[in-house]
Amino acid sequence: MEAIRNALDVSDFPKIDLGVALAVLVFLFCFPFFPHSAFAMATMIQFFIFSLYGMGWNTIGGYGGQVDLGKAQYVGIGAYTTMVCLLRWDIPFWFSMPIGAVLSIGWSFIIGYPLFKLKGHYFAIATIATSLVLKDLFEVWKFVGAARGLGILPYKYHPPDFWRLIFKEDIYYYYIIFAFFIVGLLYMNWFRKSRLGYQLRSIKDNEEVARSLGINVHWAKIKTYAIATAFVSVVGSFHAVYIKNIEPEDTMSLDISILIALMAMLGGAGSLWGPVIGAGVLIPLKSYLKEWLGAAAGLLGIDLIIYGVIIMIISAFEPRGLWGIVERIRRRRRS
Amino acid sequence: MALLEVHHLVKAFGGLKANDDVSFAIEKGELLGLIGPNGAGKTTCFNCIAGMFPPTSGRIVFDGQDVTGLPAHAMARRGLARTFQVYTAAGDLTVGENVLVGCFMHTHLRSSAKSKADGILDQMGLKEFRHQLVSELPVAAQKRVTMATALGTDPKLLLLDEVAAGLNPSEIEATMAGIRRIHAELGVTVMLIEHVMELVMNISHRVIVLDYGRKIAEGLPKDIARDPQVIKAYLGERYVREHAAEIGG
């Protein structure tokens with residue numbers, strides 16, 4: 001199985017990267033055994049969820065250079081599919097998750113086909129628009145609870161329920177999403193050196209050259225968009241059973257879309273570690289800022305100001321994010 | 001049998017006819033030069049053949065099949081590769097990765113694409129640069145990268161767009177040897193646009209001349225060099241009048 005060998009192949013990374021990555025993984029694995037607050041635990045789970053969203057974004061947005069600001073619509077499709085399946089027909093998570101992914105991919109083809117005729121900013125704006133339209137539709141759609149959304153009542157089930165992913169203790173969620181995280185990392189490690197991965201980077205480099213090398217640019221983008229979508233949808237399904245209450249204004253809001261893109265960009269778009277670094281910085285920042293400032297001084301919304309500042313700093317100084325800074329230093333040292 | 005036939009090719013941009021009724025053919029195994037003053041429509045002709053945009057009218061037949069209007073990626077899959085005059089590689093692909101992209105055209109497997117790319121890098125003398133960005137290389141090496149990348153797709157016909165522009169004499173010599181090697185060892189039919197006359201006149205079996213979008217001459221390099229029409233296109237009417245004796249003799 002060449003694919004599995006390639007997913008595990010990390011020989012092109014410097015030793016220090018692998019050392020740091022391993023240390024971080026060991027820490028993440030052991031984290032629940034250290035004394036911690038429930039709040040820290042929740043923040044860690046959010047970190048995993050958003051790193052995975054960011055990895056999905058990174059395929060099309062980072063390697064492909066197509067800035068997508070509409071990922072929340074796929075969070076929504078995944079989350080709602082799982083929720084509706086559970087509440088209406090008692091379909092457990094492990095079945096509703098792939099159903100959600102298939103629906104998301106279907107939707108991504110429908111909107112991806114026309115969307116990828118657009119370039120640059122126009123594409124970015126169009127992704128925002130489709131996402132907002134879908135959100136508005138969900139807000140008036142009675143079948144999915146309209147604006148009030150849907151909620152799981154945990155006492156109706158018998159936690160720990162591994163089929164429906166309903167638990168009382170967060171530690172179960174922690175290890176499940178940790179497993180997703182590992183799979184996500186391995187997938188991305190395979191993807192970045194796959195045929196499609198190289199084709200995308202070539203497209204980002206120069207579309208004319210890419211076409212002359214036999215790459216169907218439009219189709220390659222649509223395919224990758226579907227991959228990004230599946231990633232986000234699967235994690236969206238998990239998100240739903242974890243937070244247990246979803247409504248369009250939360251799950252599918254523009255904030256989520258921007259946060260996903262921002263994390264990947266802050267960490268380093270188009271690199272394996274980028275989304276993880278971005279989520280590692282932004283999610284704790286967001287949680288603790290809300291906790292300390294928001295509640296204390298009524299400064300809700302300050303996180304949005306901080307995002308704005310971060311966007312400006314990235315675009316002005318280092319478009320390749322924090323990882324870009326690391327690479328630049330390395331490059332300078334070599335030469 | 002002709003590998004490529006171009007019949008009455010016309011490409012108009014608005015009112016400007018960049019190519020006007022151009023017809024020619026390339027035989028399998030040939031080395032064909034395409035010359036002409038700046039703005040004569042050489043690159044437009046390449047772009048039409050390579051499917052970068054469809055011709056306004058006319059027919060293009062490649063390897064026995066009508067390929068008029070096929071998109072560039074489909075042309076590449078049928079065995080037509082090209083290089084670009086200005087290779088803007090602003091991205092983060094290294095030399096090795098650039099070549100790898102071409103090699104991925106015929107295979108999904110990373111290992112086979114990789115070993116093929118390694119072979120091409122070696123052949124083209126790019127091994128030492130493999131981990132560098134294309135933009136960091138000297139011009140001559142950049143030109144070799146564009147050729148190496150195109151070769152990764154296993155072309156039957158290779159279109160070279162000014163691969164010797166901006167090179168010094170010894171580099172031109174090396175490029176010439178490189179093209180000959182590609183032609184002879186890999187059995188690739190080559191068509192090249194070139195302003196560097198010593199190269200194009202030296203290695204082409206046959207030369208076609210474009211001027212103002214029209215084909216004004218076609219023939220052996222030694223005949224083309226003495227063709228009054230061609231000299232007029234390059235050097236102007238007056239030069240031809242004043243030097244009529246030399247050209248005629």
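These questions and answers cover chain A, its contacts with chain B, and one residue of chain B.

This is a predicted model: local features need pLDDT of at least 70, side-chain atom pairs count only at pLDDT 80 or more, and totals for chains, interfaces and linings use all residues. Residues are numbered from 1 along each chain as its sequence is written, and chains are lettered from A and ligands numbered from 1 in the order in which they are written.

User: What is the radius of gyration of chain A, set against the globule rule?
Analyst: The rule is 2.2 Å times the number of residues to the power 0.38, with the radius taken over C-alpha atoms. For 335 residues it gives 20 Å, so chain A is as compact as a globular protein of that length. The radius of gyration of chain A is 20 Å.

User: Which helix of chain A gives the most to the side that touches chain B?
Analyst: Contact means C-beta atoms, placed from the backbone, within 7 Å. By that rule, 21 residues of chain A meet 27 residues of chain B. Helix 1 (2-8), helix 8 (195-205) and helix 9 (207-212) of chain A each supply at least two residues. Helices are DSSP runs of H or I, at least four residues, numbered from the N terminus. With seven residues, the top contributor is helix 8.

User: Is Met147(B) buried or exposed?
Analyst: A residue is buried with 20 or more other C-beta atoms within 10 Å of its own, exposed with 12 or fewer, and partly exposed in between; C-beta atoms are placed from the backbone. Met147(B) has 22 within 10 Å, so it counts as buried.

How values were computed
Contact = placed C-beta atoms within 7 Å.
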